[in-house]
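Me: I am in my first year and would like a close look at a single part of this structure, with enough of its surroundings for me to see how that part fits in. Please take your time and explain each step.

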Amino acid sequence: MPRIRAENIEQHKAVTRALIVDAALGVFAAVGYERSTLGSIADSAGMPRSSVYEYFPNKEAILGAVIEDRVPPLFNEWFAGIPEGNALERLEGLFRTTFRMMLEHPRVAALVVGPGRQMAGPDTHMGEMVTLVTLAFVDMCADGIAEGLFPPGEPQHLGAAVGDLLIGGVNEMLEGADPAAAHDPILETRLRMLRTGILGCD
């Protein structure tokens with residue numbers, strides 16, 4: 001008979017689901033998403049694999065649950081971190097906020113910029129959040145062009161280049177041997193590339 005982890009069945013299901021999600025996040029961080037298995041997640045959660053199947057049909061569904069549960073609060077924090085100022089000041093502020101948050105939440109960050117980003121379809125939570133972030137960059141670039149701070153062009157193309165520059169920097173930081181030590185030099189390099197390379201600012 002399965003062990004009941006709460007006062008009633010509904011609470012038990014919620015607690016068990018949370019255990020699986022927490023275990024999966026740890027396994028994904030330890031061995032990588034591609035090398036993780038339902039068996040390893042079940043072992044980490046302290047339950048048989050058959051119990052995991054009662055909640056999730058496959059590893060992809062667990063990843064979706066991890067993203068659904070853990071990523072939205074970070075995106076809310078990210079949007080709250082948009083500073084006041086002109087378009088360049090706001091973009092630079094978001095670069096700093098993003099690097100800080102990714103360093104503070106490395107396990108979730110690795111999923112966001114890796115497999116989570118790859119499964120960001122239009123009807124997924126991750127897809128909705130990626131769309132909001134993309135629109136934020138495009139809006140800031142449109143403002144910068146209108147303000148005369150950025151070179152004339154299509155805001156969509158400029159926003160995509162800015163986003164790629166940011167994600168590339170975060171990946172470089174997270175994949176290094178010491179992300180904390182790499183944070184400042186990589187961030188400052190990416191900010192210089194943003195100002196002088198993409199935006200053509202002095």
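Reply: What follows looks closely at helix α5, which covers residues 87–104, and then moves outward to its surroundings.

It should be said at the outset that this is a predicted model, and that every value below was computed from it. The chain contains ten helices and zero strands, so that, on the definition of helices and strands used here, the pattern read along the sequence is α-α-α-α-α-α-α-α-α-α. Along the principal axes, the C-alpha atoms of the chain fill a box of roughly 70 × 35 × 25 Å, and of the 202 residues in the chain, 40% are buried.

Within that setting, α5 can be checked first for its length. The helix has 18 residues, and at 1.5 Å a residue these should span 26 Å, which agrees with the 26 Å that separates the C-alpha atoms at its two ends. For the expected span, the 1.5 Å is multiplied by one less than the number of residues, which is a detail worth keeping in mind if you repeat the step yourself.

The start of the helix has a contact that you can look for in the model, because a side-chain oxygen of N86 reaches to within 3.1 Å of the backbone nitrogen of L88, and a pair of such atoms counts as a polar contact when they lie within 3.5 Å.

The next step is to ask how much of the helix is covered. A residue counts as buried when its relative accessible area is under 20%, and 13 of the 18 residues of α5 are buried, so the helix is largely enclosed by the rest of the structure.

One of the surroundings that α5 shares with other helices is the largest nonpolar core, which has 58 residues, and L91 is, together with F28 and I62, among the residues that touch the most other members. At least two residues of this core come from each of α1 (9–31), α2 (38–45), α4, α5, α6, α8, α9 and α10, while the helix that gives the most to this core is α4, with nine residues.

Another shared feature is the largest pocket, in which about 420 Å³ of space lies. Its lining is made up of 22 residues, and those closest to the centre of the pocket are F75, R117, V133, F137 and I167. Here too α5 takes part, since it is one of the helices that supply at least two residues of the lining, the others being α4 (59–80), α6 (106–113), α8 (125–146) and α9 (155–175). The most is given by α9, with seven residues. Sorted by kind, the lining of the largest pocket holds 16 nonpolar residues, four polar ones and two charged ones.

For contrast with the largely enclosed α5, it helps to look at a few residues elsewhere in the chain. A80 is found in helix α4, and A80 is exposed, with a relative accessible area of 64%. From A80 to G116 the distance is 22 Å, C-alpha to C-alpha, with their positions 36 residues apart in sequence.

In helix α10 lies P179, which at a relative accessible area of 23% is partly exposed. P179 is 26 Å from G159 in space, C-alpha to C-alpha, although the two are 20 residues apart in sequence.

The segment after α10 (179–198) includes G200, which counts as exposed at 54% relative accessibility, and also C201, which counts as buried at 12%. Each has a partner 50 residues away along the chain: G200 and F150 are 6.8 Å apart, C-alpha to C-alpha, and the C-alpha atoms of C201 and P151 are separated by 8.7 Å.

Conventions: Residues numbered from 1 in each chain as written. Predicted model: local features only at pLDDT ≥ 70, side-chain atom pairs only at ≥ 80, totals over all residues. Heavy atoms only, no water. Helix = DSSP H or I, 4+ residues; strand = E, 2+ residues; numbered from the N terminus. Buried < 20%, exposed > 50% of the residue type's maximum accessible area, 1.4 Å probe, protein only. Polar contact = N/O pair within 3.5 Å; in protein donor to acceptor, adjacent residues only side chain to side chain. 1 Å grid on protein atoms, 1.4 Å probe; cavity = no way out; pocket = protein on both sides within 12 Å on 5 of 7 lines; lining within 4 Å. Points joined across faces, edges and corners; volume = space filled by probe spheres on them. Nonpolar A, V, L, I, M, F, W, Y, C, P; charged D, E, K, R; others polar. Core = buried A, V, L, I, M, F, W, Y, C linked by side-chain atoms within 4.5 Å.
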